[in-house]
Amino acid sequence: RHHGIHKDLICLLWKIDEEGRHNDRPSADVAKGTLILFYERLVGLHPEVGDEFTKNFAYAANPNGTEQHVEINDDDKSSDCGKESGYGDSNDDINLDKERRQQNGRVRNAIKRRRVDKKKEHKPKDNDDVPNELDHITKLLEVYVTSARGNEAYNNKYMSHYYKLLLLLASRHQSFRRRMLSHDNWRWSLRAFVLGPTSRGSGPLYDVIFNGTITYLVKDAEFRRVMLLHLLAPQTCDGGKRSFLSQSRLETASLSLLHTIFNSERGSTGEEDNAISIFIDDEHRGMSHVSASVIKFHNRLDDEGGAGTKVGAPIMVVLKGLSLALECLCMVLSSLGLNQMRSLMTEWPEVDDIVSLCTQIVTRTEAEWSKSLADEGAEERNLEAMRIVSHATEVCNIMASEEESR
């Protein structure tokens with residue numbers, strides 16, 4: 001049992017967070033960050049603390065794995081979230097004589113028995129709100145985070161641990177995981193720190209959000225649907241003109257997420273609502289989004305000084321992006337039946353451009369590749385170039401087979 005300071009500390013965190021949200025405290029608040037570090041460590045070492053928290057301090061798991069009531073306020077003066085807390089008069093306890101203490105104890109025990117009997121009639125589930133209590137889970141999911149450049153060092157040092165705490169709780173509590181994955185703040189964080197223009201492309205905060213998203217794309221089918229639509233949503237990037245997949249910015253995270261979605265649903269292509277069916281339908285036109293990605297990376301292959309150098313992008317980002325985009329096309333095309341392929345050809349306006357581009361890749365000379373890859377880190381770049389050629393060849397072969405079948 002960890003009530004008392006544990007609950008007071010979490011309420012203090014909410015108070016500090018709310019003040020930061022209203023600019024009454026700095027957004028890079030070390031006190032807030034330190035409390036987050038403390039809680040990540042505490043929950044990691046003591047799973048029962050996470051149990052108490054995710055049950056809103058109403059119930060906790062006992063050693064036998066069943067639920068028992070663990071907290072009853074002694075009187076109306078007890079400190080609680082949303083009330084002013086502090087130290088009382090130390091003489092209050094000293095002046096209570098033995099008879100008064102015993103009487104109070106009998107009253108508290110009677111109240112506790114009645115409350116426990118009522119709880120036995122209906123024990124709340126993990127997400128049931130406790131009357132007159134804050135929803136601590138919502139407060140945690142809505143902790144104030146800003147993507148301002150001035151907070152970059154603070155976010156990497158402290159807020160990366162906030163997301164680690166979320167993922168730790170999600171790994172242990174299914175009900176918390178459902179709420180976390182369905183909450184808009186997770187998708188906002190993914191956009192702000194991984195997929196969108198404010199992302200730095202690497203670092204502790206980037207890594208924990210990206211890797212956490214990958215983990216649950218593999219495990220959670222509903223989350224895959226939500227994220228697929230998120231990646232395809234129009235009016236997301238470039239002034240409301242493009243999606244994450246088709247944005248002009250050179251990044252590979254969106255394609256890695258898409259690749260994970262497709263790879264996690266191998267064998268489910270016969271289902272009407274599988275990821276690929278949603279991806280290629282008339283409403284979402286995913287092939288056009290990925291085609292735009294293929295084209296933007298291919299356009300940077302021949303930059304003077306190495307792929308991507310004209311726009312300041314690392315060579316490996318260009319190579320990996322092109323490889324992932326082409327592989328995603330292959331995964332879609334290879335999963336379709338003959339009738340689906342024929343239907344897709346009439347709804348994919350970029351198909352001729354992609355076939356032409358893949359043909360160019362397959363026929364590139366060694367000298368052209370050498371110019372694109374430059375000299376540094378040749379082995380890793382050569383392997384990625386080989387993958388690009390392999391995927392482009394597969395696209396050409398699939399399209400040639402489709403042409404012959406007409």
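**Entry 1: α10 and α11**

I began with the crossing of α10 and α11 in this predicted model, and I noted it as left-handed. I then looked up the geometry behind that crossing: the axes of helix α10 (residues 204-219) and helix α11 (residues 221-232) come within 6 Å, at a crossing angle of roughly 120 degrees. Since angles of 65 to 115 degrees count as roughly perpendicular and only those over 145 as roughly antiparallel, I entered α10 and α11 as oblique to each other. On the α10 side I listed Thr213, Tyr216, Leu217, Val218 and Lys219 as making the contact, and on the α11 side Ala221, Phe223, Arg224 and Met227. Sorted by class, the contact of α10 with α11 holds 6 nonpolar residues, 1 polar and 2 charged.

**Entry 2: α9 and α10**

I next turned to the pairing of α10 with helix α9 (residues 184-195), where the axes come within 10 Å and cross at roughly 130 degrees. I recorded α9 and α10, therefore, as oblique to each other, and their crossing as left-handed. From α9, the residues I found in this contact are Trp186, Ser189, Leu190, Phe193 and Val194, and they meet Leu205, Tyr206, Ile209, Phe210, Gly212 and Thr213 of α10. By class I have 8 nonpolar and 3 polar residues in the contact of α9 with α10, with no charged residue among them. Thr213 of α10 is worth a separate mark in my notes, being listed in the contact with α9 and also in the contact with α11.

**Entry 3: the two sides of α16**

Which residues of helix α16 (residues 338-347) are buried? I found Met341, Leu344 and Met345 to be buried there, and because they cover an arc of only 105 degrees around the axis, I could place them on the same side of α16. My general reminder here is that an α-helix has 3.6 residues a turn, so residues three or four places apart point the same way. On the other side of α16 I noted Asn339 and Thr346, which are exposed. I then asked what the buried residues of α16 pack against, and the list I obtained was α13 (275-280), α14 (286-298), α15 (315-335), α17 (351-362) and α19 (378-404).

**Entry 4: Trp348, after α16**

Moving along the chain, I looked up Trp348, which is found in the loop between α16 and α17. Is Trp348 buried or exposed? Its relative accessible area is 2%, and because buried means under 20%, I entered Trp348 as buried. Leaving aside neighbours within four places in sequence, I found Trp348 in contact with Met287, Ser288, Ser291, Leu329, Leu333, Ile354 and Met399. I also checked Trp348 against Gly286, which is 62 residues apart from it along the chain, and the separation of their C-alpha atoms came to 9.2 Å.

**Entry 5: residues with positive phi**

I then went through some backbone angles. Arg285 has a phi near 45 degrees, a positive value in a residue other than glycine; I located Arg285 in the loop between α13 and α14, where, at 39% relative accessibility, it counts as partly exposed. Asp238, likewise not a glycine, has a positive phi of about 55 degrees. I placed Asp238 in the loop between α11 and α12 (253-264) and noted it as partly exposed, with a relative accessible area of 26%. Asn56, just after α3, takes a positive phi of about 60 degrees.

**Entry 6: α3 and Lys15**

Asn56 led me back to helix α3 (residues 47-54), which I found mostly covered, with 6 of its 8 residues buried. The buried residues I wrote down for α3 are Val49, Gly50, Asp51, Glu52, Phe53 and Thr54. In helix α1 (residues 5-21) I looked up Lys15, which counts as partly exposed at 45% relative accessibility. The C-alpha atoms of Lys15 and Lys32 are separated by 9.5 Å, with the two residues 17 apart along the chain.

**Entry 7: the chain as a whole**

I closed with totals for the protein chain, whose secondary structure comes to 19 helices and 2 strands. Of its 406 residues, 47% count as buried. Of the contacts in the chain with a separation of 6 or more, I noted that 71% are between residues 24 or more positions apart.

Terms used
Residues numbered from 1 in each chain as written. Predicted model: local features only at pLDDT ≥ 70, side-chain atom pairs only at ≥ 80, totals over all residues. Heavy atoms only, no water. Buried < 20%, exposed > 50% of the residue type's maximum accessible area, 1.4 Å probe, protein only. Helix = DSSP H or I, 4+ residues; strand = E, 2+ residues; numbered from the N terminus. Arc of directions from axis to C-beta. Contact = heavy atoms within 4.5 Å. Axes fitted to C-alpha atoms, helices over the stretch in contact; angles between N-to-C directions. Parallel < 35°, antiparallel > 145°, perpendicular 65-115°, else oblique. Left-handed = near helix turned anticlockwise from the far one by under 90°. Nonpolar A, V, L, I, M, F, W, Y, C, P; charged D, E, K, R; others polar.
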